[in-house]
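Hi everyone, thanks for coming. Please have a look at the sequence and the structure on the screen, and then I'll walk you through it.

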Amino acid sequence: VSVNDHAPETALKIVGSRKIDSVQVIYNLFDQSSKHELFPLCRQNNVGVIARVPFDEGSLTGKLTLQTKFPPGDWREKYFKGERLKETVKRVEQLKELLAEYQETLPDAALRFCLTDPAVSTVIPGMRKPEHLVANSQLSFRPVCSELLERLKSHAWQRNFYVGTQCRST
């Protein structure tokens, strides 16, 4: 079951029914909402979790700047409209400062953060270039240390950038 964007609570009933094997849900350093109710229920009912958008539409790769311009037709132009890009870049810079204390890169930490949760079976990182595929597949998994994991909790960010945007076509 693919869960509605930023609405993990919509899957609680189906996960509790034990009629499914896995759920696909947005989960990343900014959107940590799934871990509160959905992940414990998944573990309890032996339901796998596929974490999607682990890079928060590219922001958690650390490559977006205040000068970032998206190609015409790229739906992220609307996703990061107005002050959203500025706020996102500010929050990403704060994460980079924290991760530097632990000699962590943002993309690796973003993926490993997702995979460290025992409910998460796998992640679906978006990739636009062959080198992204290589980097993501060479990630040497090791859990995020408990001290850093605790500090990363404060970077959860309640927002829904999809509100007011048109649905993207697949």
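Let's begin with a word we'll need: a residue is called buried when its relative accessible area is under 20%. Over 50% it is called exposed, and in between it is partly exposed. Please also keep in mind that this is a predicted model.

With that word in hand, let's go to a pair of rings. Tyr 27 and Phe 113 are both buried. They form a stacked aromatic pair, 5.4 Å from centre to centre and with 25° between the planes. Where do the two partners sit in the chain? Tyr 27 is in the loop between E1 and H2, while Phe 113 belongs to helix H5, so to speak a link between distant parts of the chain, 86 residues apart.

Now compare Tyr 79 and Phe 80. Is their pair stacked or edge-to-face? It is edge-to-face, with 4.8 Å between the centres and 85° between the planes. Tyr 79 has a relative accessible area of 1%, so it is buried, and Phe 80 is buried because its value is 4%. These two also belong to a cluster, in which ring pairs link Phe 70, Trp 75, Tyr 79 and Phe 80. In the whole structure, the search finds 6 aromatic pairs.

Next, the sheet. It is an open sheet of 3 strands in the order E1-E2-E3, and the pairing is parallel. E1 and E3 are the edge strands, each pairing on one side only. On average, neighbouring strands are turned by 25° against each other, ignoring direction. Between E1 and E2 there are 5 bridges, and one bridge joins Ile 26 to Arg 52 in E2. Helix H5 lies across E2 and E3, and it runs at about 150° to E3.

Let's stay with Arg 52, since its side chain also meets that of Asp 5 in a salt bridge, 2.6 Å from N to O. Asp 5 comes from the segment before helix H1, 47 residues away from Arg 52. Are both partners buried, or is one partly exposed? Arg 52 is buried, because its relative accessible area is 12%. Asp 5 has 31%, so it counts as partly exposed.

A second salt bridge joins Arg 43 and Asp 117, with the closest N and O atoms 3.5 Å apart. Here helix H2 provides Arg 43, and the loop between H5 and E3 provides Asp 117. Arg 43 is partly exposed because its value is 43%, whereas Asp 117, at 14%, is buried. Another salt bridge, between Arg 112 and Glu 104, is 2.6 Å from N to O, and both of these residues are buried. The search of the whole structure finds 9 salt bridges.

Finally, the inside. The largest nonpolar core has 36 residues, and Val 15, Val 23, Leu 60 and Leu 152 touch the most other members. Which helix gives the largest share? That is H5, with 6 residues. Apart from this core lies another one, of 7 residues, including Phe 70 and Tyr 79, two names you will remember from the ring cluster.

One last residue: Ser 59, in the loop between E2 and helix H3. Its relative accessibility is 1%, so it counts as buried. Among its contacts are Phe 30, Phe 80 and Leu 106.

Thanks for listening!

Note on methods: Residues are numbered from 1 along each chain as its sequence is written. This is a predicted model: local features need pLDDT of at least 70, side-chain atom pairs count only at pLDDT 80 or more; totals for chains, interfaces and linings use all residues. Side-chain values use heavy atoms; hydrogens and water are left out. A nonpolar core is a set of buried Ala, Val, Leu, Ile, Met, Phe, Trp, Tyr and Cys residues joined through side-chain atoms within 4.5 Å. Buried means under 20% relative accessible area, exposed over 50%, partly exposed in between (1.4 Å probe, protein chains only). Helices (H or I, at least four residues) and strands (E, at least two) are DSSP runs, numbered from the N terminus. Contact means heavy atoms within 4.5 Å. Two strands pair if DSSP finds at least two bridges between them. Axes are lines fitted to C-alpha atoms, for helices over the stretch in contact, and angles run from 0 to 180 degrees between N-to-C directions. Rings of Phe, Tyr and Trp (its six-membered ring) pair if their centres lie within 6.5 Å; planes under 30 degrees apart count as stacked, over 60 as edge-to-face and the rest as tilted. A salt bridge is a side-chain nitrogen of Lys or Arg within 4 Å of a carboxyl oxygen of Asp or Glu. Lists of a residue's contacts leave out its neighbours within four places in sequence.
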